[in-house]
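Work through the exercises below with the model open. Each task is followed by a solution in steps.

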Amino acid sequence: MRLTYVVFTLLGLFWGSNFIYMKWAAELITPAQITLLRVFFGFLPLAFVAWRKGVIHTDQVRHLPHFLVMGVLATAFYYFAIAEGTALLPSGIAGVLGGSISLFTTIATHLFLRTEKPNVPMLTGVLVGFAGIVLIARPGEGADRAINITGVFWMLAATTILGVSYVYVRRFLSPYNLPPLALATWQTGLALLVLLLVVDRTGMGNIMQNWHAAAGVAIGLGVLGTGMAFLIYYYLLQELGAVAASGSTYITPNVALLIGWATGEKIGILEIAAIVLVLGSIAMLQIGRQQAMKQAELSQKS
């Protein structure tokens with residue numbers, strides 16, 4: 001059990017540190033190039049472990065259209081939007097907005113699946129989460145705003161598309177009981193192929209001008225923040241279950257904020273208040289899911 005909580009913490013650290021790596025790399029290469037390198041280095045450990053465990057089979061090819069949708073939306077576009085948003089925002093603020101995934105997953109689930117009834121903690125969590133996002137974005141400010149609104153929209157686009165992709169998996173892939181590692185490997189590999197076709201790689205070698213940025217993208221963002229993070233998350237799903245595993249989202253924004261603060265980013269009182277609201281939203285959504293699961297179990301028994 002101790003090992004489980006060690007890797008639980010590692011997952012939060014890996015995800016939380018992603019934003020500073022993207023920030024460093026954005027000074028040298030484009031967000032699309034960051035995405036390509038991230039997916040490439042993230043795919044390597046996934047492909048190796050999937051091969052060693054023998055989870056990729058030829059009969060899975062019939063699901064290729066669904067894998068491609070997941071590769072384009074939940075991997076290529078998601079990572080690109082995160083990179084675009086992080087390039088325009090302080091890395092700590094980007095980390096907080098990136099931690100709002102559970103908010104948009106909850107909304108997408110109730111809009112499109114209609115299999116889970118929202119309860120009071122869930123509805124409260126959604127409202128509190130949006131209040132935090134509005135406080136970060138402050139849309140009423142003028143051109144001298146402290147936070148780039150375009151960056152906020154990119155982060156929200158990323159979290160929204162990931163929430164929708166969760167619904168897509170539930171509807172079109174979950175009935176086949178595919179190994180999660182196989183799905184992750186297929187979608188990451190197909191995302192890599194798509195990115196290789198569409199990304200302009202001119203000047204991508206500029207990343208080598210700064211070894212911190214190069215190592216951050218290849219090792220921190222790719223191998224650890226993508227490939228190993230996928231593997232750890234699926235291990236936690238098996239050991240702790242979905243609700244407990246998703247608790248790593250508490251750690252991610254805090255790690256991003258601490259790293260941003262340590263590298264000289266300034267965080268004002270409004271940003272701190274917004275962060276508290278977003279973290280509170282995550283907590284309420286977690287509580288709501290736990291209550292919904294217990295209610296569903298009681299209904300089945302009765």
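**Exercise 1. Place Ile272 and describe its surroundings on the surface.**

Step 1: Ile272 sits in helix 12. Helices here are DSSP runs of H or I with at least four residues, strands are runs of E with at least two, and both are numbered from the N terminus.

Step 2: Ile272 is partly exposed, at 42% relative accessible area. The classes are buried under 20%, exposed over 50% and partly exposed in between, with a 1.4 Å probe and protein chains only.

Step 3: Ile272 belongs to a nonpolar surface patch of about 620 Å², together with Trp261, Ile267, Ile269, Leu270 and Val276. Patch residues have over 30% relative accessible area and no salt bridge; like charges are joined within 9 Å, and nonpolar side chains (Val, Leu, Ile, Met, Phe, Trp, Tyr) within 5 Å. A salt bridge is a side-chain nitrogen of Lys or Arg within 4 Å of a carboxyl oxygen of Asp or Glu.

Step 4: Helix 12 (residues 269-301) gives the most to this patch, four residues.

Before going on, note the ground rules. This is a predicted model, in which local features need pLDDT of at least 70 and side-chain atom pairs pLDDT 80 or more, while totals for chains, interfaces and linings use all residues. Residues are numbered from 1 along each chain as its sequence is written, and side-chain values use heavy atoms, without hydrogens and water.

**Exercise 2. Summarise the whole chain.**

Step 1: The chain has twelve helices and zero strands.

Step 2: Of its 302 residues, 49% count as buried.

Step 3: The accessible surface is about 14,600 Å², and 68% of it belongs to carbon and sulfur atoms. Areas come from the Shrake-Rupley method with a 1.4 Å probe; for residues, only the protein chains shown count as cover.

Step 4: Take the contacts with a separation of 6 or more: 89% join residues 24 or more positions apart. Contact means heavy atoms within 4.5 Å.

**Exercise 3. Is helix 4 enclosed or open?**

Step 1: List the buried residues of helix 4: Ser91, Gly92, Ile93, Ala94, Gly95, Val96, Leu97 and Gly98.

Step 2: That is eight of the eight residues in helix 4 (residues 91-98), so the helix is largely enclosed by the rest of the structure.

**Exercise 4. Compare the settings of two serines.**

Step 1: Ser17 lies in helix 1 (residues 2-25). Ser17 is buried, at 10% relative accessible area.

Step 2: A polar atom of the Ser17 side chain is 3.1 Å from the backbone oxygen of Phe14. Beyond four places in sequence, Ser17 touches Val255 and Ile259.

Step 3: Ser165 is in helix 7 (residues 149-172). Ser165 is buried, at 6% relative accessible area. Leaving aside neighbours within four places, Ser165 contacts Met70 and Ala74.

**Exercise 5. Which residues does Ile56 contact outside its neighbours within four places in sequence?**

Step 1: Ile56 is in the loop between helix 2 (31-53) and helix 3 (64-88). Ile56 is partly exposed, at 36% relative accessibility.

Step 2: The contacts are Ala50, Ala182, Thr185 and Trp186.

Step 3: Now take Pro179. Ile56 and Pro179 are 123 residues apart in sequence, yet 8.8 Å apart from C-alpha to C-alpha.

**Exercise 6. How many residues does helix 6 have, and what span does it reach?**

Step 1: Helix 6 (residues 120-137) has 18 residues and reaches 26 Å from its first C-alpha to its last.

Step 2: That is close to the 26 Å expected at 1.5 Å a residue. The expected span is 1.5 Å times one less than the number of residues.

Notes. A polar contact is a pair of N or O atoms within 3.5 Å; within protein, one must be able to donate a hydrogen and the other to accept it, and residues adjacent in sequence count only if both atoms are side-chain atoms.
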